[in-house]
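Colleague: I am new to this structure and would like a close look at a single part. Please take one helix pair and describe what surrounds it.

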Amino acid sequence: MSESTRMMLGLAIGIIVMIILVMKTKIHTFIALLLAALITGLIGGMPVVDMTDAAGVTTTGVITAIKDGFGNTLKSTATCKYGL
């Protein structure tokens, strides 16, 4: 399976999982979004945590990507609303 196919499959499964969790099981939207992001990253081929190979190249892990993504979103929301 090619990398792009795996990434698209991960995205589709993540969206389906999020919709099912929110609509059918009534799980809070924030938790459903976190689980969907984790599933999407793992199926897409990201490692769980940051990894550095022998050449010194660091691969960002799914946990760091989720943390940075949510952090940047909250930062931009606060900047727009409060002018910080």
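Modeller: What follows covers the pairing of helices H1 and H2, then an aromatic pair, then two residues of H1.

This is a predicted model, in which local features need pLDDT of at least 70, side-chain atom pairs count only at pLDDT 80 or more, and totals for chains, interfaces and linings use all residues. Residues are numbered from 1 along each chain as its sequence is written, and side-chain values use heavy atoms, with hydrogens and water left out.

Helix H1 spans residues 3–23 and helix H2 residues 29–44; helices here are DSSP runs of H or I with at least four residues, strands are runs of E with at least two, and both are numbered from the N terminus. The axes of H1 and H2 come within 8 Å and cross at roughly 160°. Axes are lines fitted to C-alpha atoms, for helices over the stretch in contact, with angles from 0 to 180 degrees between N-to-C directions. H1 and H2 are therefore roughly antiparallel (angles over 145 degrees; under 35 is roughly parallel, 65 to 115 roughly perpendicular, the rest oblique).

On the H1 side, the residues in contact (heavy atoms within 4.5 Å) include Arg6, Leu9, Ile13, Val17 and Leu21. Their partners in H2 include Thr29, Ala32, Leu35, Ile39 and Ile43. The residues of this contact divide into 14 nonpolar, five polar and one charged. Nonpolar covers Ala, Val, Leu, Ile, Met, Phe, Trp, Tyr, Cys and Pro; charged covers Asp, Glu, Lys and Arg; the others, Gly among them, are polar.

H2 also takes part in an aromatic pair, and a search of the whole structure finds one such pair. The rings of Phe30 and Phe70 have centres 5.5 Å apart and planes at 65°, so the pair is edge-to-face (rings of Phe, Tyr and Trp, the last by its six-membered ring, pair with centres within 6.5 Å; planes under 30 degrees apart are stacked, over 60 edge-to-face, the rest tilted). Phe30 lies in H2 and Phe70 in helix H3, residues 62–82, so the pair ties together parts 40 residues apart in sequence. Phe30 is partly exposed at 45% relative accessible area, and Phe70 is partly exposed at 25% (buried is under 20%, exposed over 50%, partly exposed in between, with a 1.4 Å probe and protein chains only).

Back in H1, Glu3 counts as exposed at 54%. Ser4, also in H1, is partly exposed at 49%. The C-alpha atoms of Ser4 and Ala36 are 18 Å apart, with their positions 32 residues apart in sequence.
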